[in-house]
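Here is a structure to explore step by step. Keep the sequence and the 3D view side by side as you read, and look up each part when it is named.

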Amino acid sequence: MFTTGSKLLIGSSVFAMVAAVVYGVTQNEALGIVGLVSAACALAFLAGVNVWAVDSNLSAVNATAVATSEASDDPPGASIWPMVFAVGAAAVLLGLVTQQSIFTIGIIVLLAAGAQWAVQAWAESASNDSTTNAAVRGRLANPLEYPLLGAVAVGSIAYALSRVMLWLSKTNTIIAFVTLATVLACIGFIFAARPSVKRGAIGGVLTLGAVAIVAGGVAAGVDGERDIHVHETIAADAALFCDSPAEFEIDEGASQTVSTKASTYTISLTAAGNLVFDVPGPVDAGAEAISLRRSNPNNIVFRNDSGEARRLTLDLGPAAVEEGVAAAEDGHSADGGDSADEEHGDKSDRNLTCTSLVEDGGAQLITVKFDEPSFAYADDAQAFRFYVPGTDAEIDVVVP
Amino acid sequence: MAIIERPAEAPATTNRGSAPTPKASTNYGYLRRPVETTGWRSWAFTVDHKKIGIMYGAVAMFFFILGGLEAALIRLQLAGPDGTILSADKYNQMFTMHATTMVFLFVMPMAAAFANYFIPLQIGARDVAFPRLNALSLWVFVFGGVFLNTSWFLGGGADGGWFMYAPNSSVPFSPTNGVDFWGLGLQITGIASLVGAINLIVTVLNMRAPGMSMMKMPIFTWMAFVVQMLLLFAIPVITVALFLLMFQRSFGAQFFSVEAGADPLLWQHLFWIFGHPEVYILVLPSFGIISEVLPVFSKKPLFGYPFVVFSGAAIGFVGWGVWAHHMFASGLGPVSVAVFSVATMAIAVPTGVKIINWTLTLWGGKLTFTTAMLFAVGLIVQFTIGGLSGVTHAVAPSDTQQTDTYYIVAHFHYVIFGGAVLGLFSGFYYWWPKVFGKLLSEPLGKWNFWLMIAGMNLTFGPMHIIGLQGQPRRMYRWTEFRAGEGFFNLGFWNLVATIGTFILGVGILLFLINVWITHRPNSKTPPAPADPWDARSLEWITSSPPKEYNFARTPQVSQLDEFFHRKYEDVGEGDKHEYVQKMTGEEVIQFEEDNADPNIHLPAPSYWPMVLAFALPVMAYGVIYNTLLIVAGGAIATMAMFGWALEPADAESSDFDPPVEGDETSKELANV
Amino acid sequence: MTYDLNMSHQSPTTKMQAVETTTTLRSVTSSRLVRTLVACSLAALVAGCATDAPQDTWQPKGPNSQMINDLDWVVFGIAGVVGVVVFSVLAFAIWKYRDRGQPIPEQTHGKPALEIGLTILPALILVGIAIPTVGTIMDLNETADTECIVNVTGQQWWWEIDYPVQDGCGGIDEPIVTSGQMVIEAGTKVLVRGTSRDVIHSWWIPSLNGKRDMVPGRIHTVRLEADEPGIFAGQCTEFCGLSHANMRMEVIAMNTADFAVWKSNQTQDYVAPAVGSLAAEGESTFISQCSRCHQVDGLTDSNDELIISRPDQNVWSGAAPNLSNLMTRNTFAGASWDLLSKQCRPGVWDADPSTIGAAYLDGVTETCLNEVELREWLRNAPAKKPMYADPELLEETDGLVRGMPYLALSEDQIDQLVAYLLERK
């Protein structure tokens, strides 16, 4: 039942647990406990695997066979793992005094090498036939090795490539990616066209490519990323952006397409410079104002047919009249514009929300929610109206 | 993976495990196989498609009873106005779980039970293509079903309806964990369906007996095959939807939050793109069953076999283009509504073809009305009613008056109970002697049939009226103010429906009593004859119940209805036909056994499917309660996959207790 | 059609070796069953139905529902005929071909010509149904010709109804907000423009039109038109959570003159209760207990400032019914309970079309008030109508309630509120 290996693992697990308790009582510090308990769990898991999946260790099953086997006579083969293990140990020590990342790598190397070492040692005691032993080792280790190595390989290539992309400038990124894709397609095409090409050649080319990418990644990573400019959002300073017909950074590359084309309200800026609204069904004939519902996310599409780039702005009444009268809830908070308030004093007392600048012929969706009825602002002529900065176009909103 | 058969000329012994010398041993890194042939282990770890089929059926039956009890509570609540048996909350959970249980935990797995048991038998195979995957799909289903129902004890079941429309399924509107259990439970049972589907598709495509072309395949296998194809494409859609739901509820995603710009109709499209093919997934197996039963008891082949096959396949295809007819009132716009309205009418054509062909199968036959036949004819009648009411709401304007009322409830119960469930019961009575070696009592069976028919018509028939007169579904109570005047007001019909439910319940209880009477200790029921119905297809060319290896020798097929043509010969001349019996069924079976294959190799049982299946609900609990459990479940799953990957397809001789000596290749047989 | 598929030739009976475990059933039973079923379903449709069910889909009271109903009859007729034909053929086959010792029939696999014919036939029938269906779909979705626009907004578990400013509906100068009951002018083509504040609801007035889901973030339209004045009952038909069963609504159609009166009633200025009356105490109770969520237009606080309700700070979906003119409606709490007492209810609901408008405009008087249920409601609303599932679960909604919470009002306060509310008309 309990093989030597599993006994070792169970023992180690218990030891780690005891150590965690002792450490916890004496040191009262979380990180060490977490580490020791994790180690205990990991060892217990390995012990479980060993007991349940690997328990047909010959020594446990058939003592006679072990005694009569020639395995003990067979000298063990060469092994790289002691050396790797030592490298790992060195990295751990080095990491302790220098960088945490080296320490982490050391731990991983230590664990991997230890596991491989254990598996190899275990497999070599299986029989006196080294081919069988290799097969036994492979059957145990390969199902773990292949997926892990695959993940590591794919991960490092992807990571390296991302470093390269971030190092290049925006334009060069595109050029580089197109070139790389073309080269890959060409190589693929050549291989496909010439089925007789040697496996070694394919492997060589792929290895070369992978090495090149990883090397590029390392180089780019060391050099660092290009300067990445952080875009402003409307939320950052609604009063500044929303009341101006000028183009701001937030407007660059703003989406001009909306997926919601039916079942919403539409407000269009016509070539004549008027705002007209359109709703499912006939327009509320005779109404001079658009009627929107209270406490409800209203989806409104702004369509710009004026010939110039324009934005639609919604005036939601005076700002900070009382606590909590911030109304726009399309992700644009009206707060946070303090510094801008000082610069644009005349308009900063209004709660505004708006679309970004919409090109001629473009459209954008704005979602607004009114928490108060419009008669709450009965004495404020400007409250609750849509307008287009830079034009006279405006349309009142009635919220019953 | 599965080595089902080994060529007869294979060496009689291999170098594996023949002696306990370490040199030849390769049994490192995997568990001793569970090779018991008796006791619970022989069931729990089996990879035999027949045992798996029986277990599928038994578990599905359990859930059928559970779902039936939920239905009874619903009807009791609605028997009179302002019902107080259930609270609003409990009522909402009840109808959600009733539908979920019946669809996902009864009809689908019961159809899987039939498919598992009979597809290999009908195509002359010894097992399915991937026996361990087969066991996996069973246990995943079982654990998924149990997981789903543990919600009752952990704060209440799901309460959003089986269609779980967003945003009502989001946390603010359904704060208990019911919806989480629902989503994750269906995700798990979905894995079971998907695994089973792939397995059976490969089985049907690759493992048919020599001579059996696709167009000589028994019709049940054909319909089950179409269903597996539907599952293969439908399950991924609901998987995506359920993932969105899981992320919405558990991980703060905004897929259905309108304030964040989402459109709740996304869920409806995803759900119904799955949900409509699901309807055909439910009924097509039963169509297959009665297409086997009707010819047998008419002594006549299925009329228009290719038409039935192709109409089944056509339903499978067109079924993908009609999902939006569940959304006629959702506000899709007139053009979409018109297109889907017409497409929905189009799907009535292949369905009509099936009804016509069944009727013409009876026409000119020699009909004997056994219980199985009664259920089959009952299906034609009841399903036709459901089909016709279906056409009335393919008409989109009418549907806007009918949808979400009891009229729809009536419609789909005529389709699913009248179609799917009656077909399954037909299958129970028809194949019971095949599976268990004993015939169920026929007189009791007829009581069972007539009570079920009376019960279902009393339950669901009045719902047509209730619905057309304006009672919406999913209401935990109804009020007299909206029930109308006169003796036949909605209150009267609600009461009738409730009474009908209990008649229906008694009918189903009779089935269970019938099973008990047949199989109780000291039952007087004699073993069934080998060919009790004078059947026509391949599964009867072997003993009842079949041996573990199914067929003594792999049958050679030359005709559709192979068994019939082995028994009967046409001695008529020219256009005159006259059939004389040249062999009895027993003689045909005896002939096969006399010429048995010398070497039969079967896959060995395994622990790993069950262990792997067990890991899934552990992870699901983790999503709901604690992330650490996900890690634990993941560890179990990894370990199980590891063990599975290491395990050779067949057991070592040394695994047997006592170890099998001598003839290696027949060792499984020695233990059967 | 006399297509004889029976192989009528008589050959010597073959001795059957199959084990006789089957019993022959008198097929007469089956055919009788089928006949009974058909007869029953016809009878049920004609005589077995409730009379005057308020939500009967087969009693259209307006052109839109009439259009659907006309189509219904065609489809049900065709379905009925097809059903009778199929069941007759089946019953005949069951009776004719039951086992009477006839020989084993020919092992035929079908007749392709017949098969194709029988495939085309249902296809043709369905084409016949499809053509009028598509026409009706288009007609029912027409919006350009409507004459009056009413907005509805669904919310757990009641409907808000508002009339935007427009020339339609006979002219509306300031918005009207009400709930539960929509008042329209008979003979006017009304366009309902609906959405929802939380989950999907469905607007369904069966006697006026089919249902239409009201989806948050979208605006859906549905036409309504009543031929004559009357009260038309409806119900939310998309499952919307806990109290789905208690989310109802009515449409009240009245003639032009009555409708004009109703509109002016709705926009009257606020009349404060007489000083010192019970209703005046009710006003201050209302301000302290109710006005955080429920708007009463024109109500002012002690500083003479307008009181604006802020339901979004207390209710998850962000709104509560406007109570300015509560007693002009005759139902409350999602139109689930009557404001009219049992004695007074028929006087309005069963009134003749010529007088129903006037009867409705009388509103709810002190003598007619359904005081019992209104008091139950004020005493403990969630006990009467299940609302938020569990107070402990409120953390999932940031402490906001869904529906009206339990307010722990004293009986005195309830007396005051009833007196105050009685004047809201």
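Let us begin inside chain B with helix H5(B), where 22 of the 29 residues are buried, so this helix is largely enclosed by the rest of the structure. A residue counts as buried if 20 or more other C-beta atoms, placed from the backbone, lie within 10 Å of its own. Helices are DSSP runs of H or I with at least four residues, strands are runs of E with at least two, and both are numbered from the N terminus. The model is predicted: local features need pLDDT of at least 70, side-chain atom pairs count only at pLDDT 80 or more, and totals for chains, interfaces and linings use all residues. To find your way, note that residues are numbered from 1 along each chain as its sequence is written, while chains are lettered from A and ligands numbered from 1 in the order in which they are written.

How far does H5(B) reach? Helix H5 covers residues 178–206 of chain B, and at 1.5 Å a residue it should span 42 Å; its end C-alpha atoms are 42 Å apart, which agrees. The expected span is 1.5 Å times one less than the number of residues. Helix H4 of chain B, residues 131–150, can be checked in the same way: its 20 residues reach 29 Å from the first C-alpha to the last, close to the expected 28 Å. Of those 20 residues in H4(B), 17 are buried, so this helix too is largely enclosed by the rest of the structure.

Now step back to the whole of chain B, which has 19 helices and two strands. Its radius of gyration is 26 Å, close to the 26 Å that the globule rule gives for 672 residues, so chain B is as compact as a globular protein of that length. This radius is taken over C-alpha atoms, and the rule is 2.2 Å times the number of residues to the power 0.38. Along its principal axes, the C-alpha trace of chain B spans about 80 × 70 × 50 Å. Buried residues make up 64% of chain B.

Chain C has 10 helices and 12 strands, and 51% of its 425 residues are buried. Look for its open sheet of five strands, in the order E3-E2-E1-E5-E8 with mixed pairing; two strands pair if DSSP finds at least two bridges between them. At the edges stand strand E3 (176–179) and strand E8 (220–224) of chain C, each with a single partner strand, so one side of each is left without a neighbour in the sheet. Strand E2 (residues 158–163) of chain C pairs with E3(C) in the antiparallel sense over four bridges, and C:Asp162 stands opposite C:Val177 in E3(C).

Chain A offers another open sheet, this time of four strands in the order E2-E1-E4-E7, again with mixed pairing. Its edge strands are E2 (275–278) and E7 (363–368) of chain A, and each pairs on one side only. Strand E4 (residues 298–304) of chain A runs antiparallel to E7(A), joined by six bridges; A:Arg303 has A:Ala363 as its bridge partner in E7(A).

Finally, where do chains B and C meet? Their contact takes 101 residues from chain C and 98 residues from chain B, with two residues in contact if their C-beta atoms, placed from the backbone, lie within 7 Å. Among the elements that give two or more residues to chain C's side are helix H1 (27–46), helix H2 (63–96) and helix H3 (112–140) of chain C.

Key
A residue is buried if 20 or more other C-beta atoms lie within 10 Å of its own, exposed if 12 or fewer, and partly exposed in between; C-beta atoms are placed from the backbone.
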